[in-house]
Every structure is written in structure tokens, then in C-alpha cells.
Amino acid sequence: MPQKISIEFAHNFYHAYCIRCNPVCRELGMPQTAFDILMFLGNNPDYNTAKDIVELRGLKPNLVSVNVERLVRDGYLERQDFPGDRRKTVLLCTAKAHPVIERGQELQKSFFEDIFRDVDEASRENFHRVMQTMEHNLNTIMNAGK
């Protein structure tokens, strides 16, 4: 029987991350969801549509819509037509967004260093290998279900 992981782990992880982001969001006058969208686009440039954010980041469509609109209005994002499909819109980070994303990436790096504190390098490497194997297995299951 595998060791049980607390159901609270994912909640605590996200809550701690939000606490860490709070000062930056407050300074920028940016809601956490808008910051999360900007960071998602900055960290995952191949996933650049509102649909990608909804599906991969797990945010509600109305929250994505409202916050993307705000980020466009505030000059952090631009919309561009998707080549070959005029129904789709690509979201592009502007020059104004780049310092925010860089700062957010430093915050994320520091956050991960803190949560991996007291975890030796071999355990960290093993953790990453296990996560890659689990991702492969999940993809196999999903592909079999198609």
C-alpha cells in the first residue's frame, strides 16, 4: 500500500505560493489570477491561448476572460490572430510584461528552493524522475482512452 499523501498538500502548496506572491501582486496592483496568467504565458510560450490557460492551468473561463482583458488594458498582453484560424486568438506578452515575468520567475525559483530545503540532491533528482515517469504513465492512460 503506497504511503498516503495528505489531501491538504496541493491546497497548502498553492496557498503558500500565493502568500509568497502577495507582496509582488500588491505592489503591481495586480490580482493573483492575473499574475498567474502572466506567469503561465511567460513560462509556457507554446501554450498561448485563453483555452490553454483554462485547460492546463485549471482556471475558470470567466476568470481568464476578465483577467486577460485587464492585462491587455494595462499593457501586459497583446492579442494576435491565430494563423489559419481566425476564431482563435494568441496572447503575447509585451515588453511591459517582461520585468514582471522575470521577477515572478525569481520568486518561483526562491519558492522552490524553500520547499526543497533539507531535501538532498539525490532525492531531488529521484523526485524529478518519478514525476517524469508518472507524466508518461498518465499520457499513456489518456491516449488509451481516446
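A salt bridge is a side-chain nitrogen of Lys or Arg within 4 Å of a carboxyl oxygen of Asp or Glu. The model examined here is predicted. A search of the whole structure returned 9 salt bridges. Several of them are described below.

One salt bridge joins R57 to D36. The closest N and O atoms of this pair lie 3.2 Å apart. The pair links distant parts of the chain, with the two positions 21 residues apart in numbering. R57 belongs to helix 3 (residues 50-57), whereas D36 belongs to helix 2 (residues 32-43). The two partners also fall into separate accessibility classes. D36 has 3% relative accessibility, and it is therefore counted as buried, the cut-off being under 20%. R57 has 27% relative accessibility, so it counts as partly exposed.

A second salt bridge connects the side chains of R79 and E69, at 2.7 Å from N to O. This pair, too, links distant parts of the chain. R79 sits in strand 1 (residues 77-82), and E69 sits in helix 4 (residues 61-73). The two residues are 10 residues apart. R79 has a relative accessible area of 42%, so it is partly exposed. E69 is partly exposed as well, with a relative accessible area of 41%.

The side chains of D85 and R87 meet in a further salt bridge. Here the N to O distance is 3.1 Å. R87 counts as exposed because its relative accessibility is 74%, and exposed means over 50%.

Salt bridges also form a network in this model. Its members are R20, D114 and R117.

How values were computed
Residues numbered from 1 in each chain as written. Predicted model: local features only at pLDDT ≥ 70, side-chain atom pairs only at ≥ 80, totals over all residues. Heavy atoms only, no water. Helix = DSSP H or I, 4+ residues; strand = E, 2+ residues; numbered from the N terminus. Buried < 20%, exposed > 50% of the residue type's maximum accessible area, 1.4 Å probe, protein only.
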